[in-house]
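Trainee: Could you walk me through this one? I'd like to start with the inside and then look at some helices.
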Amino acid sequence: MKRVIVTGATGAIGTALVKWLVDRKIEILVLTRENSRRNQNIPVHPLVHIKFCSLEQLEAIENDTGKTYDVFYHLAWMGAAGPQRHDMYIQNQNVRYALDAVRAAKKFGCHTFIGAGSQAEYGNTEAPLKWDTPVFPSMGYGYAKLCAGQMTRDYAAQLDLRHIWVRILSVYGPNDGAQSVVMYTIGQLRQGLTPQLTKGEQIWDYLYSDDAAKALYLLGEKGTDRKIYVLGSGTAKPLKEYIQIIRDIASPGTNICFGTIPYVKNQTMYLCADTSDLERDTGWYAETDFSEGIKNILLDSGGRKWSV
């Protein structure tokens, strides 16, 4: 793998992936919306090139770089958080954009398309998630991710591209969205405020963004065509314990208000990845302890720059 394309390079997973690839001397073409405020998150390096292209523009994009690429990582998605996760029209558009990304991968000479799926494809479960765990999504976001994975798989086969779909669980790290539970809690504590949360009874699987980036890199090198992989740490514990770890690192002794926020409708109460296929096919395993990851986030927010 010498050159890759990445959409969605401004979030926790995307920035970590770009840094991981640069460390391995891989050239990256980032496709991003021109007026995005999050473009400042994209790591700065001679191997990182930016081409302004929104999801809406993917359909018409042409390869004017004079280069061919190996792997297309499609991480971008509209309405991935908040009420828009339930907006069927927005989520339906994302399916079209995912298909446009497959076609763009072909235009740029890629041999592999890797798409970012979600645990939302499964709905509520009570056992570790595998590639063949029955899927019962309960919101537009989950429906669309499931549909995008299936349709891009067939479309990639039509275009003679290798296809890998990665159902990603809860990833945390620098540049994560402020609305995530981890970043909300950190933000409240750093401001001297008291986080308002649910009871925290959910059994959750959190994976640090650098570990997610390593998995995506290895899947680009060793992943099996037309296969679905589940990406998480493979371990889980009550959300309340994660929050207490954040508090003990960021603001020891501060009170946390558990139970002041009600669970959402169809709240997922159990989430854990079975990573055996990923480990067997690529040799990957999660390396970063949750407390170490939180310390890294605090260091980054304290002023460390993302240039590499």
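Mentor: Gladly, and keep in mind that this is a predicted model. The largest nonpolar core has 36 residues, and those with the most contacts inside it are Val6, Ile28 and Leu231.

Trainee: Which elements give two or more residues to this core?
Mentor: Among the strands there are E1 (3-7), E2 (27-32), E4 (71-74), E5 (112-118), E6 (162-168) and E11 (227-231), and they are joined by helices H1 (12-23) and H5 (209-222).

Trainee: And what is Ile28 in contact with?
Mentor: If we leave aside its neighbours within four places in sequence, Ile28 is in contact with Val4, Val6, Val18, Leu21, Val22, Leu47, Val48 and His49. There is also a second, separate core of 24 residues, which includes Leu169, Tyr206, Val230 and Ile243.

Trainee: Back to H1 and H5, then: at what angle do their axes cross?
Mentor: The axes of H1 and H5 cross at roughly 60° and come within 8 Å, which means that H1 is oblique to H5. The crossing is right-handed, and the residues that meet there include Trp20 and Leu21 from H1, with Leu216 and Tyr217 among those from H5.

Trainee: New topic: how many residues has H3?
Mentor: Helix H3 (residues 140-158) has 19 residues, and from its first C-alpha to its last it reaches 27 Å, close to the 27 Å expected at 1.5 Å a residue.

Trainee: What covers its buried residues?
Mentor: The buried residues of H3 include Tyr141, Leu146 and Tyr155, and what covers the buried residues of this helix includes helix H2 (88-107), E5, E6 and E11. Just after H3, Asp160 takes a positive phi of about 60°.

Terms used:
Residues are numbered from 1 along each chain as its sequence is written. This is a predicted model: local features need pLDDT of at least 70, side-chain atom pairs count only at pLDDT 80 or more; totals for chains, interfaces and linings use all residues. Side-chain values use heavy atoms; hydrogens and water are left out. A nonpolar core is a set of buried Ala, Val, Leu, Ile, Met, Phe, Trp, Tyr and Cys residues joined through side-chain atoms within 4.5 Å. Buried means under 20% relative accessible area, exposed over 50%, partly exposed in between (1.4 Å probe, protein chains only). Helices (H or I, at least four residues) and strands (E, at least two) are DSSP runs, numbered from the N terminus. Contact means heavy atoms within 4.5 Å. The expected span of a helix is 1.5 Å times one less than its number of residues. Axes are lines fitted to C-alpha atoms, for helices over the stretch in contact, and angles run from 0 to 180 degrees between N-to-C directions. Angles under 35 degrees count as roughly parallel, over 145 as roughly antiparallel, 65 to 115 as roughly perpendicular and the rest as oblique. A crossing is left-handed if the near helix is turned anticlockwise from the far one by less than a right angle, and right-handed if clockwise.
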